[in-house]
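Biologist: I am new to this structure and would love a friendly tour. Could you take my questions as they come?

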Amino acid sequence: MKHFISLSILLFAFFSLSAYANTPEPNNAKKGTVFGKVLDAKLKQPLPYVNVIIKDTKGKTLTGGITLDDGSFKIEKIEEGSVTVSIQYIGYKTFNKTIVLKKGNYNVNIGNIYLEEEAESLEAVTVVAEVSTIQQKVDRKVITIGKDLTTAGATASDIMNNLPSVNVDQQTGNISLRGNENVRVMVDGKLSNVPVAQLLRQIPSTAIKSIELITNPSAKYNPEGMSGIINIKLHKNTKLGFNGNLNVGLTKEIFAKFNSSVDMNYRNGKLNFYGNYGNNIGKYDNFGYIDRLDDDSRQDFIFNNNNNSHLYKFGVDFYLNDKNTISAFTNQNTFSGKGFGDTFITFPGFNQSQLFQNISDNLSSQYNIAYKHIFNEDEDETLDVEFDFNDFKNDEVANFDFVNFSFPPNYVDNVNTQRDQTTVNADYVKPINEKTKLEVGIEARLFNSDIDYTSSGQTFDAQGNIIPTPSTDFTYSRDIYSAYATLGKTLEKWSYQIGARLEQVSENADATQFFANGTSEFIPFENDYFQVYPSVFISYKSTEKNTYQFSASRRVDRPGLQQVNPIREWSTPRVSSFGNPQLLPQFTNSVELNYTRKLKKGSITGGVFFRLIEDNINRFVRIDRTNIPAGNTILTYDNFDNTTAYGIELSSNYSPTKWWSLNGSFDLYSQEQQGVTETIETNDLANATEDDIIAQTVKVDNLVWNLRLFNNFKATKKLSFSLFAMYRGEEKGVQFIRKPMFMLNTGMRYSFLEEQRATFSFNYSDILNTMQFEFEGDTPFPSVGQFNWESNTWNIALSYRFGGGKYRALRRKQRDDNTKEGSGGFF
């Protein structure tokens, strides 16, 4: 820890020295002055706070300033010689003028400069492209979301299955990348305390600007996420004046689900205010079954959820001057849900059933403030400091009623959850020269959680006696202190980036059970470790059309709170779900090689990857020791032996004709898994004991392939149609085999009104009604099963953008003067 603190002090000192280091000016340098006035070309009104940048003949920034309230500017102390005056303002075309400061011409009056609106730039802020595009960058794949994908579904969860290498389990909401669920999901580069499945179902698809798939992140990023990071970037409107977008939608198969969102902003001069509101309201139906082949029993499940969620975001950007910006925002997410479920258990000649009702209410609040400074020496030299606080509270009450059960009796569970996360980080970027850039940063992340559980039910103790269910208090904290450095360099056709991230992690978990007889049991867990996460990226651009990329990194997947929480997450008469407080983090060493080819009408990207996974975290189904003869199981998590995975990926966006464009992707990967499973070695299950439980090591070689193809057909300038197909191949796990899945969707959209401000869309998902989760397994008991959800749905949506783009100068001098002084589920 001493080494880490020393490193942090050195980095802080480095920041300070870089911020205040100045190159002495020669005493004999002649200085000149440039002045003028900037106005709107159409309105003939002055434009305040416009950037005025002075550059030398090589394009290097020398100095600069901003215009005053009357549009005037005056830049002094400019070295003599030829310079370029660049006038830049968002929403307007850039104005450039070259002048020469010399003897007899040290004071240059440029006069009135009339800036013209940049129509394309203004429209790009609010108008979504017709067709989504895929771009391969050095360390990530960027999918810009067009209207074709927004009509694929109402929420982020709906459109995720359309992305290369991404899968969403619609029954559980779990998301996976390259077949692995150990992936981190961020929104605008920030982690959220909201459960991922809930978060994806609450973000309207129309609010998404792009999605970044970072399968091999550099040392600059936090190393969580074994298979990578999925970063969802939302629209942030910075268009001048008052502008916004309004979206409403309806989805239905069995139950109707409503969603709507509105995005608004007002920008004028130094301040940009923005706000977003989105909601998803409706009922959801899930059903399925599990057949046990050893005792001819069957479990039929029917789950209904009535959810109501609202997301609010308010923020402001304050442009102090052309070098300093302060941003602040808050996100507020409220969720209330009612779940209803029936579990019917059928034995030969005998039936049982369990009914439950679950009521859950939670609030997630995020508060963020950030400061950005651009140094005088170079526009690309920046310092970013950010503070982020996230608070989550959830109250849950579950009622369980049983029919034809001698045990357990009816009972009620109460779970209260509170957790918070504080993140403080500083990032400094220093261009050493035109071809070399250094990035360094430090960060502290402090996470705390407290979960209280009480129950009116009964259970078995270690001796098989029936006792009241003990209450449990589970506290968990994880503090992470890290520092990173990356160095990037460009050498003609070659470019590279090397870096490393150092982390000191401290984890503490305490689970205390309180029994009815007044005794208690305390189960502590501690895990402190120091890790170095190196990364390297190499890119070679042989021609304008061909680019090759190589990357390697080390990653970590720290167990999520639900994975370590020992309190029962959910329960049926034969299956209960618990976390594992003893779960250790897993580490991944990853290597990738990618090739990108630009085509005349599109591009194609291909790649291969290899992963070595240490202490692999995976689902584990074990036999319930408290009542072995009942044949019940516990669904939990465990660390399995090291595993390996390798595969290939192909993706392309191509336009065969002016009216037809397509995005396609194919991925194939092989994964070797090894773990421990349990079985009962006796034919007399009614008298089985713990001695009859046999543990065995199982090794699985798995080959999986997935295919996606998205077609967009443009009938007219305003009318277009889409057709999407997806196939997900069979996947083998240590305990279960998931059967193949197939889906076919179609949709249309029509734009109307002035400037095509309004869009109507219709989408029909899973036309053939083939999407279902089927599985089979041999351990701990031979079984087959299937789960279904509302996939055969139709959706209608209407979007409308409002507001203008023209800047109209306001009399705001007095105001400006004042301101001068942002998992659950089965398998």
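Modeller: Gladly! Bear in mind that this is a predicted model. A good place to begin is the salt bridge in which the side chains of Glu730 and Lys739 meet, at 3.9 Å from N to O.

Biologist: Is Glu730 in that salt bridge buried or partly exposed?

Modeller: Buried would need a relative accessible area under 20%, and exposed one over 50%. Glu730 has 31%, and its partner Lys739 has 24%. Glu730 therefore counts as partly exposed.

Biologist: How many salt bridges does a search of the whole structure find?

Modeller: The pairing itself is simple: side chains of opposite charge can pair when their charged atoms come close. Asp384 and Lys372 make one such bridge, with their closest N and O atoms 3.4 Å apart. Over the whole structure, the search gives a total of 26.

Biologist: Which strands do Asp384 and Lys372 lie in, and how many residues apart in sequence are the parts they tie together?

Modeller: Both residues are partly exposed, Asp384 at 25% and Lys372 at 33%. Asp384 belongs to strand S21 (residues 382-403) and Lys372 to strand S20 (residues 350-374), so their pair ties together parts whose separation in sequence is twelve residues.

Biologist: Arg501 forms a salt bridge with Glu503; which residues are linked with them in a network?

Modeller: In this pair the closest N and O atoms are 3.7 Å apart. Arg501 is buried at 3% relative accessible area, and Glu503 is buried at 0%. The network of salt bridges links these two with Glu443, Arg445 and Arg558.

Biologist: Turning to the sheet in the order S4-S1-S7, which strands stand at its edges?

Modeller: This open sheet has three strands with mixed pairing. S1 (residues 31-40) runs parallel to S7 and is joined to it by eight bridges, and Lys37 has Asn112 in S7 as its bridge partner. An edge strand has a single partner, so one of its sides is left without a neighbour in the sheet; that describes S4 (72-79) and S7 (107-115).

Biologist: Which strand gives the largest share of the nonpolar patch on the surface?

Modeller: The patch has about 920 Å² of accessible area together, and its residues include Trp494, Phe550 and Tyr646. Strands S32 (586-599), S33 (602-614) and S36 (643-657) are the elements that each give two or more residues. The largest share, three residues, comes from S33.

Technical notes:
Residues numbered from 1 in each chain as written. Predicted model: local features only at pLDDT ≥ 70, side-chain atom pairs only at ≥ 80, totals over all residues. Heavy atoms only, no water. Patch = residues over 30% accessible without salt bridge, like charges linked within 9 Å, V, L, I, M, F, W, Y side chains within 5 Å. Areas by Shrake-Rupley, 256 points an atom, 1.4 Å probe, with all protein chains shown as cover. Salt bridge = Lys/Arg side-chain N within 4 Å of Asp/Glu carboxyl O. Helix = DSSP H or I, 4+ residues; strand = E, 2+ residues; numbered from the N terminus. Pairing = 2+ DSSP bridges. Buried < 20%, exposed > 50% of the residue type's maximum accessible area, 1.4 Å probe, protein only.
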